[in-house]
Amino acid sequence: MENKTSPFNKPKVELHVHLDGSIKPETILYFAKKREIKLPADTLEDLLQHVSYQEPLSLTEFLAKFNIYMPAIAGDREAIKRIAYEFVEMKSKEGVIYVEVRYSPHFLANSKVDPIPWGQKEGDVTPDEVVNLVNQGLREGEKAFNIKARSILCCMRHMPNWSAEVVELCKKYKNNTVVAIDLAGDESLDCEAYPGHRKAYEEAVKSGVHRTVHAGEVGPPRIIKEAIEVLKAERIGHGYHIIEDPVLYRELLDKNMHFETCPWSSYLTGACNPDFTRHPVRQFMEDKANYSLNTDDPLIFRSTLDLDYSIAVQHMKFTEEEFKRVNINAAKASFLPENEKKELLYQLYEAYGMLVSTGL
């Protein structure tokens, strides 16, 4: 599926996108060469053949893509700061005026992390320094490209021993781009078996750190229930399988729970029926649910936000009004402080010609 011209040429908000899934392939090649790290390809097109794909694969095959290129970036200060800066540039070109980008600090570190990821040798870049470097890149990107960027730090379901540090980093950098905590990874690893995540989220609640959780992407509705009841999630990453539990779905519609949906991603990871006309997002639209449209991992899915918007137009009967509603919902569900959220909403209302109707 190719990216068409934008079906919605107005300011957008994006809430669910992974920094390590949004790296420019040129940047991967540059740092691999500089650091003498072997990649399976040395040209742009060849690299994309290895790290991206266009037809559905299993989640395991999708995750294996990170093993190919992350060793070129992880543990290198210049690379970590640069991918954050270039991410902001990429989003500004897509017409995004506010973005929340997420990542695991531990996956980019090579010191004080157990185990050291991606087969790296031990170095001296700690998870704390990773957050600091990403923050610098995002801040410089904000100034250069005139968009607002905030970050979300991810706990990984299979690494509960990292989660306590993740929430401490969320607290430490709360006023420096970091706005929330997330839990990502294999949904079959629930919080009963891995109480480290629950403890981290309890600390987040106590410390006023916002919370989102990947749940119901490929996992059943009970994972969404756990995210809300046990982890006190304020938003749900993906959440497609909620519609298999009509009672819980109705409850979350009534609560105005926000779902961070990623249509093209859900097709390529096999999370949903490949027929977009029967996609849960279509149901969300018809039920006037609270949700946003997002790219998830644009490097691996070879996509931009325009592709997800095009799918919504071509297969889900989206209108201009629905795009406006979705972006306003995203702004309202953002983890910005109230005063900044008001400013963001004002920007959208103004751009959408809605100032009179909203009484602002």
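This passage describes a sheet, two helices packed on it, and one buried lysine in a predicted model. Local features are taken at pLDDT of at least 70 and side-chain atom pairs only at pLDDT 80 or more, while totals for chains, interfaces and linings use all residues. Residues are numbered from 1 along each chain as its sequence is written, and side-chain values use heavy atoms, leaving out hydrogens and water.

We may start with the sheet, which is open and holds 8 strands in the order β1-β2-β3-β4-β5-β6-β7-β8, with parallel pairing. Helices (H or I, at least four residues) and strands (E, at least two) are DSSP runs numbered from the N terminus, and two strands pair if DSSP finds at least two bridges between them. At the edges lie β1 (12-18) and β8 (290-293), each pairing on one side only. On average, neighbouring strands are turned by 25 degrees against each other, direction ignored; axes are lines fitted to C-alpha atoms, for helices over the stretch in contact, and angles run from 0 to 180 degrees between N-to-C directions.

Within the sheet, β5 (residues 210-215) and β6 (residues 235-238) run parallel and are joined by 4 bridges. His 214 has Gly 237 of β6 as its bridge partner. Helix α4 (residues 77-93) packs on the sheet and touches β1, β2 (96-103) and β3 (148-156), contact meaning heavy atoms within 4.5 Å. The direction of α4 makes about 140 degrees with that of β2. Helix α15 (residues 338-351) lies across β1, β2 and β3, at about 135 degrees to β2.

Turning to the lysine, Lys 324 is found in helix α14 (residues 320-333). Lys 324 counts as buried because its relative accessibility is 11%, where buried means under 20% relative accessible area, exposed over 50% and partly exposed in between (1.4 Å probe, protein chains only). Not counting residues up to four places away in sequence, Lys 324 touches Phe 8, Lys 10, Tyr 352 and Met 354.
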